[in-house]
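Hello,

Here is the structure I promised to pass on to you. Please have a look at it before reading on, and then compare your impressions with my notes below.

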Amino acid sequence: MDNHTLVTPTASAVTMPMRLELLDKSNPVFACYLVWMSLLVLKMLCMSLLTARQRIKTKIFSNPEDLRLSKNSEVRFGDDHVERVRRAHRNDLENVLPFLLMSLGYVAAGPHPMVARMVIRIGASARLLHTFVYAIVPVPQPARILAFTTTLLITCFEAIYVLVCCIKYI
């Protein structure tokens, strides 16, 4: 039995395999969605590690019990380096999560496969770029605003597409 097979009981207690059709060759848009959203989720998880790295590097912590992690450290808020990473992480929470949800709705609404894959790739790539130019290697504007606006506009496009496709059902 391969990884894509579910076994479902029948009335006669005989099990019959049932194939999940979400991840086969006939659904490349959903597969594209899963790959890019997995990358964004992993990136968001890494932001916590990047914040911890900044705290250890600058020896600035937010809790007294963390002072044992590094000698000559202090409890302080507002360090520019730590706060930059925290702001980037918060920006992800405010923008990646809506993009994740709207992209799923968009994929479910049945867009043209080529357009859908392009929209997902560009939106996710823009979020990865945003983190890079904001938290890892700060670059002057307009790099950050362009990356931010790209994903924002794509999320709005997806929301409007879903509304237009689904409004007739309510």
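**Starting from Lys43**

Lys43 is buried, with a relative accessible area of 10%. Please keep in mind as you read that this is a predicted model.

Lys43 sits in helix α1. Leaving aside neighbours within four places in sequence, Lys43 is in contact with Asp92, Arg127, Leu128 and Thr131. For a sense of the spacing here, the C-alpha atoms of Lys43 and His89 are 9.5 Å apart, although 46 residues separate the two along the chain.

Among those contacts, Asp92 deserves a closer look. Its side chain and that of Lys43 are joined by a polar contact of 2.2 Å. The pair also counts as a salt bridge, with the closest N and O atoms 2.2 Å apart. Asp92 belongs to helix α2 (residues 80–108) and Lys43 to helix α1 (residues 28–58), so this pair ties together parts that are 49 residues apart in sequence. Asp92 has 0% relative accessibility and is buried, because buried means under 20%.

**The other salt bridges**

How many salt bridges does a search of the whole structure find? There are three, and the pair just described is one of them.

Another brings together the side chains of Asp92 and Arg127, at 2.8 Å from N to O. This pair links distant parts of the chain, with Asp92 in helix α2 and Arg127 in helix α3 (residues 113–136), 35 residues apart. Both Asp92 and Arg127 are buried. Taken together, Lys43, Asp92 and Arg127 are linked in a network of salt bridges.

There is also a salt bridge between the side chains of Arg90 and Glu94, at 3.4 Å from N to O. Here both residues lie in helix α2, four residues apart, or about one turn of the helix. In general, an α-helix has 3.6 residues a turn, so residues three or four places apart point the same way. Are these two side chains buried or exposed? Arg90 counts as exposed, at 53% relative accessibility, while Glu94 is partly exposed, with a relative accessible area of 46%.

**More on helix α2**

Helix α2 comes up in each of these pairs, so to speak, and here is a little more about its shape. The helix has 29 residues and reaches 42 Å from its first C-alpha to its last, close to the 42 Å expected at 1.5 Å a residue. Where is α2 kinked? The kink, of about 30 degrees, is centred on Leu93. After α2 comes Gly110, whose phi is positive, near 75 degrees.

**The chain as a whole**

Stepping back, the protein chain contains four helices and four strands. Their order along the sequence is β-β-α-β-β-α-α-α. Buried residues make up 32% of the 170 residues in the chain. If we take contacts between residues at least 6 apart in sequence, 62% of them join residues at least 24 apart. The accessible surface of the protein chain comes to about 11000 Å², and 67% of that belongs to carbon and sulfur atoms.

If you would like one place to begin in the viewer, I suggest the network that links Lys43, Asp92 and Arg127.

Best wishes

Definitions and conventions
Residues are numbered from 1 along each chain as its sequence is written. This is a predicted model: local features need pLDDT of at least 70, side-chain atom pairs count only at pLDDT 80 or more; totals for chains, interfaces and linings use all residues. Side-chain values use heavy atoms; hydrogens and water are left out. A salt bridge is a side-chain nitrogen of Lys or Arg within 4 Å of a carboxyl oxygen of Asp or Glu. Helices (H or I, at least four residues) and strands (E, at least two) are DSSP runs, numbered from the N terminus. Buried means under 20% relative accessible area, exposed over 50%, partly exposed in between (1.4 Å probe, protein chains only). Contact means heavy atoms within 4.5 Å. A polar contact is a pair of N or O atoms within 3.5 Å; within protein, one must be able to donate a hydrogen and the other to accept it, and residues adjacent in sequence count only if both atoms are side-chain atoms. The expected span of a helix is 1.5 Å times one less than its number of residues. The bend at a residue is the angle between axes fitted to the seven residues ending there and the seven starting there. Accessible areas come from the Shrake-Rupley method with a 1.4 Å probe; for residues, only the protein chains shown count as cover.
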